[in-house]
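User: I should like to learn how to read the packing of a protein model, feature by feature. Could we work through one example together?

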Amino acid sequence: MNKKQVGFGSTSLILLVLGVLWASDINHFCIGDYILNTLGMKSWSSGNHLGNHIGILYSLIFLLPSCYIAYKWPYDLGANICLKISTIFSLLIIGLGIMFYL
């Protein structure tokens, strides 16, 4: 059995983790919200924890390149599973975004 090598496709795992952490709320703390508020940008459409969570849309900055890298270099370690997970998350975010923002 051939073992997969760590390569450029493996960076898709890092981007996937960053994208998930960006939008996740862990113990009432969201890393993406903290970074956006620090930069002076809004993370919620109507104030603090009211309205639509715009920070989730920013997680696509990490998830879409993760999909592309995993697709382009599928033979590297973790690329196949990362392609599936990041594609599902990206499609969910885009689909739900279209449903709720239009």
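**Reading helices, rings and cysteines**

Analyst: We may begin with a helix: L60, F62, L63, S66, C67, I69 and A70 are the buried residues of α4. Please note that the model is a predicted one.

User: Which elements cover the buried residues of α4?

Analyst: Among the elements that cover them are α1 (11-23), α3 (55-58) and α5 (79-101). Helix α4 itself occupies residues 60-72.

User: How does one judge the length of α4 against what is expected?

Analyst: The expected span is 1.5 Å times one less than the number of residues. Helix α4 has 13 residues and runs 18 Å from its first C-alpha to its last, close to the expected 18 Å. Helix α1 also has 13 residues; its end-to-end reach is 19 Å, again close to the 18 Å expected.

User: Which residues of α1 are buried, and where do they lie around the helix axis?

Analyst: The general idea is that an α-helix has 3.6 residues a turn, so residues three or four places apart point the same way. In α1 the buried residues are S12, L15, L16, G19 and W22. Viewed down the axis of α1, these residues fall within an arc of 130°, so they line one face of the helix. Their cover includes α2 (31-38), α3, α4 and α5.

User: What is the overall secondary structure of the protein?

Analyst: The protein has five helices and zero strands, which follow the sequence pattern α-α-α-α-α. The C-alpha trace spans about 55 × 30 × 20 Å along its principal axes.

User: How much of the protein is buried, and what does its exposed area consist of?

Analyst: Of the 102 residues, 30% are buried. The protein exposes about 7000 Å², with carbon and sulfur atoms supplying 72% of that area. For the contacts, one considers separation along the sequence: of those with a separation of 6 or more, 58% are between residues 24 or more positions apart.

User: How many aromatic pairs are there, and how does one classify them?

Analyst: The structure holds three aromatic pairs. Planes over 60 degrees apart count as edge-to-face. The ring centres of F8 and W73 are 4.7 Å apart and their planes stand at 80°, so this pair is edge-to-face. The pair joins distant parts of the chain, since F8 is in the segment before α1 and W73 is in the loop between α4 and α5, 65 residues apart. Both are partly exposed: F8 has a relative accessible area of 46%, and W73 has one of 35%. Another pair, F29 and Y34, is tilted, with 5.9 Å from centre to centre and 45° between the planes. F29 is partly exposed at 43% relative accessibility.

User: How many disulfides does the structure hold, and why is C30 not bonded to C82?

Analyst: A disulfide requires two cysteine sulfur atoms within 2.5 Å. The structure holds zero disulfides. The sulfur of C30 has its closest cysteine sulfur in C82, 20 Å away, which is too far for a bond. C67 is likewise in no disulfide, and the nearest cysteine sulfur to it, that of C82, is 7.4 Å away.

User: Are C30 and C67 buried or exposed?

Analyst: Under 20% relative accessible area, a residue counts as buried. C30 is buried at 8%, and C67 is buried at 12% relative accessibility. C67 thus belongs to the buried residues of α4 with which we began.

Definitions and conventions:
Residues numbered from 1 in each chain as written. Predicted model: local features only at pLDDT ≥ 70, side-chain atom pairs only at ≥ 80, totals over all residues. Heavy atoms only, no water. Helix = DSSP H or I, 4+ residues; strand = E, 2+ residues; numbered from the N terminus. Buried < 20%, exposed > 50% of the residue type's maximum accessible area, 1.4 Å probe, protein only. Contact = heavy atoms within 4.5 Å. Areas by Shrake-Rupley, 256 points an atom, 1.4 Å probe, with all protein chains shown as cover. Phe/Tyr/Trp six-rings, centres within 6.5 Å; stacked < 30°, edge-to-face > 60°. Arc of directions from axis to C-beta.
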